Amino acid sequence: MTNDPFHGDESADDELEREPGPSDSLKTFGAVVQALREHHGMSRAEFAERVRFSKHTVESVELGRRMPEEDLIERGEQATGNTGALRRAARHLTRGDAGLAAWFRQWARLEKLAVSLYTYECRLMPGLLQSEGYARAVFESTVPIVLDERLEDLVAARIDRQKLLQRPTVSFSFIVEEHVLRRPFGDSNQMRGMLDRVLELSSPRNVTLQVIPSTAGLHACMDGPLRLLETPKRRRYAYAEGQQTGRLISDAKEVSLLYQRYDTLRSQALTPMDSRGLIERLRGEQ
C-alpha cells in the first residue's frame, strides 16, 4: 500500500476536493466528556466551574474543536467519579486539522507527505519558523478580533505544525524578506525570542534559510508569498495565499513555472551562511 494517496492525476484531484474535518479522536473524546457530564447531571456551566475552565473552553472540547489540557482531563475525572474513562480516551487524542483555516487544510495534508517543502514569505515569518509569542501577536492583530478560546486553538495549531521540521529526511527551504525580520512587535525580549526561534529551527542540516536583503531590489517572486512541495511519488504542488483565501495549484505547467521562479529567487538571496549572520546581527541590535 502506498504512503501517498495522491498517486495519480485523477485520484489527486478527487482527494483534494474532500476537505477534512476535525480529528475523529477529538470528536470522540468530546462526546465522552459530554456523556459523562450529562450522566452526572451537570450543565456545561456547572462542569466548567468544577474543572476551573471557561464554559466556552468546555464547549470547544465537547464539540471536538480543541485539544483538552491535562488539567481539564484530571479535574474532569474527579468531577465524574474517577472512572478512568477520560484518561484512557485522552491517550488516543490527535489534533488533526483543528485550528487551521479551511482553505489551508488541503495544503496541510500534503505537507505531511512531502519529501521537500519550499517557502517564500514577504509579509511575516513563515508559520513553521514562528515563536509562540510571534504567533500569538499575529493572531491578536487579526480583524475581526479573535476570542481568547479561539486564539489559543490557533496558536496551538501553528506551533504543533512545527513538528514537520523534526523529519530529517525532508528538505526544507525558506526565503524571507529582510523587512520581515525587522518588523517590530512586542518588546525587545519578544523580538529576541522570535529571532532566537528562527535561528534554532533553521539550524538542522536539512533546513535552509535565506534572506532577501533590503538592497536587493526587484526579484523573481514579486507576485507574492509562495509555497512549493513534492510528494514521494514526485508529484509537485504549489500554494498561494491572499486576503481571506488560499489557492492550491496542481497544474503541472503552472507549478513548473513557480519552481523556476523560486530557483531564480534562491540565486538572488543571501547565502545561508550570510543570512544567518544577518539574523544574528539583528538579534544583537535588540
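This report covers helix packing, two backbone features and one cavity in a predicted model.

## Helix pairs

Three helix pairs are set out below.

| Helix pair | Packing angle | Axis separation | Crossing |
|---|---|---|---|
| H8 (residues 132-140) and H9 (residues 148-161) | about 135° | 10 Å | right-handed |
| H11 (residues 188-201) and H13 (residues 272-285) | about 160° | 9 Å | left-handed |
| H3 (44-51) and H5 (residues 70-79) | about 115° | 9 Å | right-handed |

**H8 and H9.** These helices pack at an angle of about 135°, with axes 10 Å apart. H8 is therefore oblique to H9. H8 and H9 cross in a right-handed sense. On the H8 side, the contact uses Glu132, Ala135, Arg136, Val138, Phe139 and Glu140. Their partners in H9 are Leu151, Glu152, Leu154, Val155, Arg158 and Ile159. Sorted by class, the residues of this contact are seven nonpolar and five charged, with no polar ones.

**H11 and H13.** Here the packing angle is about 160°, and the axes lie 9 Å apart. That angle is over 145°, so H11 runs roughly antiparallel to H13. The crossing of H11 and H13 is left-handed. H11 contributes Arg192, Leu195, Asp196, Val198 and Leu199 to the contact. H13 contributes Arg276, Ile279, Glu280, Leu282 and Arg283. The contact of H11 with H13 holds five nonpolar and five charged residues, and no polar ones.

**H3 and H5.** This pair packs at about 115°, with 9 Å between the axes. Angles of 65 to 115 degrees count as roughly perpendicular, so H3 is roughly perpendicular to H5. The crossing of H3 and H5 is right-handed. Phe47, Arg50 and Val51 of H3 meet Leu72, Arg75, Gly76, Gln78 and Ala79 of H5. By class, the contact of H3 with H5 has four nonpolar, two polar and two charged residues.

## Backbone features in loops

Two loops deserve a look. The first joins H8 and H9, the pair described above. Pro144 sits in this loop. The peptide bond from Val143 to Pro144 is cis, and its omega is near 0°.

The second loop lies between H3 (44-51) and H4 (55-62), and Arg52 is found there. Arg52 is not a glycine, yet its phi is positive, at about 60°.

## The cavity

Where is empty space left in a structure? Rolling a probe the size of a water molecule over the atoms shows it. In this model, one cavity of 30 Å³ or more is counted. The largest cavity has a volume of about 40 Å³.

Which residues line the largest cavity? They are Glu111, Thr119, Pro126, Gly127, Leu128, Arg161, Phe174 and Arg227. By class, the lining has three nonpolar, two polar and three charged residues. Pro126, Leu128 and Phe174 count as nonpolar. Thr119 and Gly127 count as polar. Glu111, Arg161 and Arg227 count as charged. One of these lining residues, Arg161, also falls within the span of H9, residues 148-161.

How values were computed. Residues numbered from 1 in each chain as written. Predicted model: local features only at pLDDT ≥ 70, side-chain atom pairs only at ≥ 80, totals over all residues. Heavy atoms only, no water. 1 Å grid on protein atoms, 1.4 Å probe; cavity = no way out; pocket = protein on both sides within 12 Å on 5 of 7 lines; lining within 4 Å. Points joined across faces, edges and corners; volume = space filled by probe spheres on them. Axes fitted to C-alpha atoms, helices over the stretch in contact; angles between N-to-C directions. Helix = DSSP H or I, 4+ residues; strand = E, 2+ residues; numbered from the N terminus. Parallel < 35°, antiparallel > 145°, perpendicular 65-115°, else oblique. Left-handed = near helix turned anticlockwise from the far one by under 90°. Contact = heavy atoms within 4.5 Å.
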